[in-house]
Amino acid sequence: MGPSVPLPETGHRARCRIVVEGVVQGVGFRPFVYRLARAHRLGGSVRNAQHGVLIDAEGDREAIDRFLDELQSTGPSLAHLRHLSVSWTTPHHDDEVFRIE
């Protein structure tokens, strides 16, 4: 992972890496993230990681903010988010689709 960049201004394209720890594997969390990202027109991916789930999301900064709010406030009933960290990175400008890896 590269160095973090300053938080982008609203109205601009942004990219972030989100690490979610807790009970997020085997509970439908990745499909939930996929649907949520598509609803907010974000590109990127979601995949299992050693201690949870890793999400790369790219799109309008305000859409990412809404995505992050919903990610923390809704979700599969069996999921339990223990910790969520966000780091902002430089947009790739080539992630137009969101996928489950």
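**View 1. Phe29 is a buried residue, with a relative accessible area of 1%.** The model shown in this and the following views is predicted. Two aromatic pairs occur in the structure. In one of them, the rings of Phe29 and Phe32 are tilted, with centres 5.8 Å apart and planes at 45°. Both residues belong to helix α1 (residues 29-39), where a spacing of three residues separates Phe29 and Phe32 by about one helical turn. Phe32 also counts as buried, at 12% relative accessibility.

**View 2. Tyr34 and Phe98 form a tilted aromatic pair.** The ring centres of Tyr34 and Phe98 are 6.5 Å apart, and 55° lies between the planes. Tyr34 is located in helix α1 and Phe98 in strand β5 (residues 98-100), so the pair ties together parts that are 64 residues apart in sequence. Tyr34 is partly exposed, at 29% relative accessibility, whereas Phe98 is buried, at 4%.

**View 3. Five strands make up an open sheet with mixed pairing.** The order of the strands across the sheet is β4-β1-β3-β2-β5. Strands β4 (80-89) and β5 occupy the edges; each has a single partner strand, so one side of each lacks a neighbour in the sheet. On average, and with direction ignored, neighbouring strands are turned by 15° against each other. Along the chain, from the N terminus on, the elements run β-α-β-β-α-β-β, which comes to two helices and five strands.

**View 4. Strand β3 (residues 52-60) is largely enclosed by the rest of the structure, because eight of its nine residues are buried.** Strand β1 (residues 13-23) is joined to β3 by nine bridges, and these strands run antiparallel. Within this pairing, Leu54 of β3 is the bridge partner of Val19. Strand β2 (residues 43-49) also runs antiparallel to β3, with seven bridges between them. Here Asp56 of β3 is the bridge partner of Ser45. A hairpin of two residues connects β2 to β3.

**View 5. Strands β1 and β4 pair in the antiparallel sense.** Nine bridges join β1 and β4. Across this pairing, Glu21 stands opposite His83 in β4.

**View 6. Helix α1 packs on the sheet.** The helix touches β1, β2, β3, β4 and β5. The direction of α1 makes about 175° with that of β5. The strand β5 contains Phe98, the aromatic partner of Tyr34 in α1.

**View 7. Helix α2 (residues 61-73) lies across β1, β3 and β4.** The angle at which α2 runs to β3 is about 150°. Strand β3, with eight of its nine residues buried, is thus in contact with α2 as well as bridged to β1 and to β2.

**View 8. Buried residues make up 40% of the 101 residues in the chain.** The chain exposes about 5,700 Å², of which carbon and sulfur atoms supply 49%. Among contacts with a separation of 6 or more, 80% come from residues 24 or more positions apart.

Conventions
Residues numbered from 1 in each chain as written. Predicted model: local features only at pLDDT ≥ 70, side-chain atom pairs only at ≥ 80, totals over all residues. Heavy atoms only, no water. Buried < 20%, exposed > 50% of the residue type's maximum accessible area, 1.4 Å probe, protein only. Helix = DSSP H or I, 4+ residues; strand = E, 2+ residues; numbered from the N terminus. Pairing = 2+ DSSP bridges. Phe/Tyr/Trp six-rings, centres within 6.5 Å; stacked < 30°, edge-to-face > 60°. Contact = heavy atoms within 4.5 Å. Areas by Shrake-Rupley, 256 points an atom, 1.4 Å probe, with all protein chains shown as cover. Axes fitted to C-alpha atoms, helices over the stretch in contact; angles between N-to-C directions.
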